[in-house]
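Here is an informal walk through one protein chain, taking in a sheet, a hairpin, a helix and some charged pairs. Have the sequence and the structure open as you read.

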Amino acid sequence: MSEKSSARNTIIPTSYSRKIIITSNHTHGENGKFDFDITNLVTRIEVIENIENPGLEIIISVGDSENYIERLRLSGNEKISVELDRNAHYGKEKYLLDFRVIEVLNFVKEKRGLTTYQMRCISPHILSNQVISKGNSFKGTVGQTIQNICMSDLDIPKKELEIDTATPKMSGVFPKLKPLSAINFLLVNTFDDGTPYYFYETFTNGIKFKSLKSMIDQEPFDKYSIRETLTSNLESDKGYEEVRKRIIEMSSDYSVSKFTGLQQGAFSNTSHFFDIATKTTSKKIYNYKKDTNSTIEEFKPFADLDGENKIKEKSLTDFPAAKNFFFNLNSKSFDKKDNYYATLQSNVGKGYSHLENMEYQSHEILIPGDFRLNVGMIIEIEIPETRIESKAKETVNKVQSGKYLVTNIVHDMKTNDYLMSVTVKRNSSSVDLDKKEVI
C-alpha cells in the first residue's frame, strides 16, 4: 500500500504503510511456509487500548476474494503479524506487532467472488493467561512480583515491560487465580501517595504498571486544537504538524452533577475495617483535600457550597456517611509492614476519591493517527469559546481547555486513512470554581 508522500516524507498525517501476515495452523504454500500475506485483503484494522485493560483488542476486517477462510481452514489461534511504518519529518517509525485470532465474526457472502468477515484478535499474553492458575505465596515489592508474573507466567519479554518496582512490599498467597487476576489482586491494595495503580498495554509502547501520580508528573505529549482553517502549506513540515494536532471532531461528557459524586464517595467517604485476627473493628473517614501532586490541573473539581446551595447546611466534603466501604483484614497473617492489607487503611478512601473524580470532565476527540500517542499519557487540548461574533475575536474556553489524561484510544486504520478516537479525562479544573465572576 502506498503512502501519500513526497520524495522524502509522508506529507499527510493520516497516511501510513502496513503489511499483514497470517500464519496458518496447518496449511502451507508451495514454498513450504505457513505464512500468507493478506495485506491486500484487509480493509480495516481497529485496535483498542485502554488504561484499565491489560491487553489489546483488535478487529481485522477482511474482503476475501481468494477464499482464504476455507483454504487456510481458519479456526482460531492463528498468528497475525502486523507491520506498520511511516516516514514523517520527525523520523522513521516502524512497528511489528503480533496477535492471535480468537473469533471469526460477521461472515457475509456478499457476491459470487467476495466474502467479508472480521477476525477478532488479542495480545498473545491474554491467551497464555487462560491456561495457568496461581496458588503460590508471594513476597517482595508489588512491582517486582508483577514483573515476575509477566515474564514467567505470561511469557512477556522484559524489553516490552515498563514496571514501577519502587512500590510497597507485600506478602500473601494467591488463592488459585489466573495471572492477570493475580495482578489485579495486587493492584487493589497498592497506592502511590493515595493514587491508584494501573496495569495496561499500549499499542506501540509495551506493557506498563504505573500510578496515577506518576502519569500526572509527565510533561504533556502535545497540544491539540479545534481550528477551522489552516495557516501553513500542507506539504511543509509546519503544515504537517498543524494538521496532525487538529481536532477533527469532539464530543463531551461534562459530569458537573455532584449527585453521583456524593453517592460514590468522590468528596468524602468512610471505610470500615473488620480484623478477623483480633476480632476488632475500626473506621477511617476521608474528606477531599486539594493535592497538587495528584491532580492534573490546578483547582479542585467542585465549588464549595454556600448560601442557598448548601445541602443540609453543609458542603460536599461534609458527608462521609454518603458512601461506606467495608473490608476484612487479617493483621496476624504476616508481619505488619509486609501484610497484604498494610497500606489499605491509610489510602483506600483517597484512592476511591481519585477514581471517581477522574470522571469530572471527559472528552472524546477524533484526531489524525499518531503511533507515538498511547494511553497513560498527558495531552493538552484547546477549545474555542462559542461566540456569534467575528472569528477574529475567537478566545479560548478556559473551563474545558487544559491538560487531560488519555484513558482510551481506538486506532482506526482503513486502507488509506488512519484516525484515532481518543478519550481524555481529568480529576480537576483549570479554573477556580470558587471564584465569583460578574457576567
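## A four-stranded sheet

Start at L161, whose bridge partner in β13 is I207. This is a predicted model, so keep that in mind throughout. The bridge belongs to the pairing of β9 with strand β13 (residues 207–211), which runs in the parallel sense over 3 bridges.

Zoom out a little and you find an open sheet of 4 strands, in the order β9-β13-β12-β11 and with mixed pairing. Which strands stand at the edges? They are β9 (161–163) and β11 (191–192); each has a single partner strand, so one side of each has no neighbour in the sheet.

## Helices on the sheet

Now for what packs on it. Helix α3 (residues 142–153) sits on the sheet and touches β9, β12 (195–201) and β13. The direction of α3 makes about 160° with that of β9.

Helix α4 (residues 179–187) lies across β12 and β13. Relative to β12, α4 runs at about 160°.

## A hairpin further along

For a contrast in pairing sense, turn to strand β16 (residues 268–275) and strand β17 (residues 280–287). These two pair in the antiparallel sense over 8 bridges. Within that pairing, F274 stands opposite T281 in β17.

How many residues separate β16 and β17 in their hairpin? There are 4 between them, and one residue of the turn, K279, has a positive phi of about 55°.

## An enclosed helix

Helix α6 (residues 237–244) is worth a stop. Of its 8 residues, 6 are buried, so the helix is largely enclosed by the rest of the structure. The buried ones are G239, Y240, E241, E242, V243 and R244.

What covers those buried residues? The cover includes β5 (79–88), β14 (223–225) and β19 (361–368).

## Charged pairs

Side chains of opposite charge can pair when their charged atoms come close. Here the count comes to 22 salt bridges. One of them brings us back to α6: D222 forms a salt bridge with R244, with the closest N and O atoms 2.6 Å apart. D222 lies in the loop between α5 (212–216) and β14, while R244 is in helix α6, so the pair ties together parts that are 22 residues apart in sequence. Are these two partners buried or exposed? Both D222 and R244 are buried.

Another pair to look up is E359 with K425, a salt bridge whose closest N and O atoms are 3.0 Å apart. It links distant parts of the chain: E359 is in the loop between α8 (344–357) and β19, and K425 is in strand β22 (residues 418–426), 66 residues away. E359 is partly exposed, with a relative accessible area of 33%, whereas K425 counts as buried at 17% relative accessibility. Beyond single pairs, salt bridges that share partners join D222, E241, R244, K245, D370 and R372 into one network.

Finally, the side chains of K92 and D85 meet in a salt bridge at 3.5 Å, N to O. Here K92 is exposed, with a relative accessible area of 55%, but D85 is buried, with a relative accessible area of 14%.

Terms used. Residues are numbered from 1 along each chain as its sequence is written. This is a predicted model: local features need pLDDT of at least 70, side-chain atom pairs count only at pLDDT 80 or more; totals for chains, interfaces and linings use all residues. Side-chain values use heavy atoms; hydrogens and water are left out. Buried means under 20% relative accessible area, exposed over 50%, partly exposed in between (1.4 Å probe, protein chains only). Contact means heavy atoms within 4.5 Å. A salt bridge is a side-chain nitrogen of Lys or Arg within 4 Å of a carboxyl oxygen of Asp or Glu. Two strands pair if DSSP finds at least two bridges between them. Axes are lines fitted to C-alpha atoms, for helices over the stretch in contact, and angles run from 0 to 180 degrees between N-to-C directions.
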